[in-house]
Amino acid sequence: MTVRVGPWSVRLAPRALIACLGLVAALCVVSVAALSTGEFTVPVPDIVRAVFGQGTPVAELIVSRLRAPRVVTGLLVGAAFGVSGAIFQSLTRNPLGSPDFIGFTAGASTGGIVAVVAGGTATQIAGGALAGCMVTALLVYALAFRRGVQGYRLVLVGIGVNALLVAVNSYLLTRANINDAATAGAWLTGSLSGRGWDHAVPVALALAVLLPMCAAVARPMRMIEMGDDAARSMGIRVEAVRAVAITAGVLLAGVATAAAGPVVFVALAAPQLARRLTRSPGVTLGASALMGAVLLTAADLAAQRLLAPTQLPVGVLTAAIGGTYLALLLRKERR
Amino acid sequence: MRSAEEAAVGGAERGAVGGGAGGGSRGRAAVLVAGLLVTAGLLVLVAMASVALGARSMSFSTVIDAFLVPNGSSDHTVIRELRVPRTLLGLGVGATLGLAGALMQSLTRNPLADPGLLGVNEGAALGVTLALGLFGLSDPAVYVWFAFGGAALAAMAVHTLASSGRAGSSPVRLALAGVALGMVFTAVSSAILRMDPQTFDRMRFWLTGSLAGQTADTLARLAPFMAVGLVLGLLLARPLNALALGDEAGQALGVAVNRTRILTGVAVTLLCGAATAAAGPLWFVGLIVPHAVRALVGPDQRWVLPYSTLAAPVLLLGADVVGRLIARPGEVQVGIMWAVIGAPVFIMLARRRRVAAL
């Protein structure tokens, strides 16, 4: 189905459109549930009033100050991880390609731990995570570069760097004093608790800048999936597209990790689940973003309510999602 | 008389792997045997260094006296109760991981196969965590079975994941599948440990891979499993040689393909499970040692396997001794040492043009 508006035209797949609308609906349901339930239940009409600034002071405090920032941060972080995962799965042509496995998340963790040990504030920890992620990405890219960056070499070098950084992280943790180690340990599991608007805004800004960038390279990336030579023969500047895509993917993963800590497996599972849902031939960025947002907000809701009043870190839940996803892959392949 | 039979099979294998020089093979064998003896000598030296060196400095005569005329002083206790078990543990764990890596690389015909990288050690670690953290089983001879279960499960899962899809298994797919599975296992392990702060504190170092903190009793309980795995693994050299060119070629040479694969799997499970139960999930020992060995002795598994078994503990113990000395009065866990040594080598291997070459 092609929609034409003046000189522009967009190709739309009905199935993908319906799937995305379904994801948006799911996102609304999960968000409202997260806003209204908890120790203090806020009825849905009160939420609407509070959002428009006309609710009771109590409802407004709980919804706009406490719950909404958390939900919005989760949503944005999930979307960022989803897009980042989609980019790396496309680049590596592998459903297991994910920033979690090729060092970027571990690099962000290293940056975060260093900031914790140095006694940094929350903002500095976030900055450390972002810096760590970017330095790691540069390192992996440089080490994998050999007349261009092949997907497989990126993966293998990334795995090596990942192993190194995981070791560095555990060394830093064993060297840190017990309080720092506890703070860093909590941050390392990935958590959305206590997130305020100052966490959400940087992720929103990053998404606003980087999503159009990703959209611009989405089509050439599909061509590159067919092979570098095939893409080149269609006039695509392979290395340039790849560099843009990697930059966007790394920044998204870094910003997301800075806001919520290294939440693993969202970037792995979201693109593939979205692909199954939309029945598209490859990973798609928009649907992956929506799926990531749904996964992370739902996981965070479950983490808060499953064992209430005990609050689980959301990273435990997303690890469970990752395990389930791998098990599904296994089952599919046995048939 | 076995010699005729041996010559016939050996000739067939040499034909199969394309290695070995017809006439000079006896001279070459002598060189290789001498090399094995040298490696064994190095092993003895490293073991002595491991007993003599550590966070606490001691004179050489004190170390000797600790064995000849133990007087119960704190120095002697440190040597007899801590350093000797630790050294023996390093020997056992190094040998098992070296052999396990060589077997895995041979079986999968994949140069990047490694017990840690492919998630097998993490699977075993999850088994141990379950046994200790959830069921409260503290006898090593009991929880090692959980390690075997986890290792076997991980090996099968990683194989299925990697060989999925039309493209089939490749070094990259196998590595990614292993890392992905390993991360899930580690996440579950640390979630379990986090629920129980006491166990977490006890197993924190074990989870990064460490030779410290195990008693002689633990070692004695695990040693039989390691020994069985080592013997079984070393006996598989001939059939694995014949499989090197492919399953059909192996079958044509009279090897029971499936039986060899299953036995290798059993050996790998025993080796990785016992090693991980003793020292936690260690990476890269099983990757790098067989690589180095193959570069020296060629592709014949009858040499690769014993060399890997003897050389790995030299390097593992060596790294452990260095880790004890560089951060005195604390120490760097051997798992961290090996990641720092191993990762650059791994990256170098990955940068090579033909990763698939074995």
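**Exercise 1. Thr92(A) and its surroundings**

Task: find which backbone oxygen the side chain of Thr92(A) reaches, and place the residue in its helix.

Solution.
- Step 1. The side chain of Thr92(A) reaches the backbone oxygen of Phe88(A), at 2.7 Å. The model is predicted, so this distance belongs to a prediction.
- Step 2. Locate the residue. Thr92(A) belongs to helix H3 of chain A, which covers residues 57–92.
- Step 3. Check burial. The relative accessibility of Thr92(A) is 11%. Buried means under 20%, so Thr92(A) counts as buried.
- Step 4. List the contacts, leaving out residues up to four places away in sequence. Thr92(A) then touches Gly97(A), Gly151(A) and Val155(A).

**Exercise 2. Pro69(A), also in H3**

Task: decide whether Pro69(A) is buried or exposed, then name the residues in contact with Pro69(A).

Solution.
- Step 1. Pro69(A) is in helix H3 of chain A.
- Step 2. Its relative accessibility is 0%, so Pro69(A) counts as buried.
- Step 3. Set aside neighbours within four places in sequence. Pro69(A) is in contact with Val63(A) and Ser64(A), and also with Arg195(A), Gly196(A) and Trp197(A).
- Step 4. Add a distance. Arg222(A) is 153 residues from Pro69(A) along the chain, and their C-alpha atoms are separated by 35 Å.

**Exercise 3. Ser170(A) and chain B**

Task: find which residues of chain B are in contact with Ser170(A).

Solution.
- Step 1. Ser170(A) sits in helix H6 of chain A, residues 151–175.
- Step 2. Its relative accessible area is 14%. Under the 20% cut-off, Ser170(A) is therefore buried.
- Step 3. Apart from neighbours within four places in sequence, Ser170(A) is in contact with Thr208(B) and Ile336(B).
- Step 4. Compare a position in its own chain. Ala118(A) is 52 residues from Ser170(A) in sequence, and the C-alpha to C-alpha distance is 16 Å.

**Exercise 4. Where the chains meet**

Task: describe the contact between chain A and chain B, and say which element gives the most to the side of chain A that touches chain B.

Solution.
- Step 1. Count residues. In chain A, 41 residues are in contact with 41 residues of chain B.
- Step 2. Take the area. The two chains bury about 3,300 Å² between them, and 77% of it is on carbon and sulfur atoms.
- Step 3. Look at the pairs. Between chain A and chain B there are zero salt bridges. Two residue pairs are in polar contact, counted with both residues at pLDDT 80 or more.
- Step 4. Name the elements of chain A that give two or more residues to this side. They are helix H5 (122–144), H6, helix H7 (178–189) and helix H13 (314–334).
- Step 5. H6(A) gives the most, with 17 residues.
- Step 6. Sort by class. The side of chain A that touches chain B has 24 nonpolar, 10 polar and seven charged residues.

**Exercise 5. Chain B as a whole**

Task: state how many helices and strands chain B has, then examine two of the spans that UniProt labels "transmembrane region".

Solution.
- Step 1. Chain B has 15 helices and zero strands.
- Step 2. Of its 358 residues, 54% are buried.
- Step 3. Turn to the record. An unreviewed UniProt entry places "transmembrane region" at several spans of chain B, including residues 116–137 and 143–162.
- Step 4. Residues 116–137 of chain B are 68% helix and 0% strand, with end C-alpha atoms 24 Å apart.
- Step 5. Residues 143–162 of chain B are 100% helix and 0% strand, and their end C-alpha atoms lie 28 Å apart.
- Step 6. Finish with contacts. Among those in chain B with a separation of 6 or more, 75% join residues 24 or more positions apart.

Definitions and conventions
Residues are numbered from 1 along each chain as its sequence is written. Chains are lettered from A and ligands numbered from 1 in the order in which they are written. This is a predicted model: local features need pLDDT of at least 70, side-chain atom pairs count only at pLDDT 80 or more; totals for chains, interfaces and linings use all residues. Side-chain values use heavy atoms; hydrogens and water are left out. Helices (H or I, at least four residues) and strands (E, at least two) are DSSP runs, numbered from the N terminus. Buried means under 20% relative accessible area, exposed over 50%, partly exposed in between (1.4 Å probe, protein chains only). A polar contact is a pair of N or O atoms within 3.5 Å; within protein, one must be able to donate a hydrogen and the other to accept it, and residues adjacent in sequence count only if both atoms are side-chain atoms. Contact means heavy atoms within 4.5 Å. Buried area is the accessible area (1.4 Å probe) that two parts lose on being put together, summed over both. A salt bridge is a side-chain nitrogen of Lys or Arg within 4 Å of a carboxyl oxygen of Asp or Glu. Ala, Val, Leu, Ile, Met, Phe, Trp, Tyr, Cys and Pro count as nonpolar, Asp, Glu, Lys and Arg as charged, and the others, Gly among them, as polar. UniProt positions are given in the numbering used here, feature names are shortened, and annotations may be inferred rather than shown by experiment.
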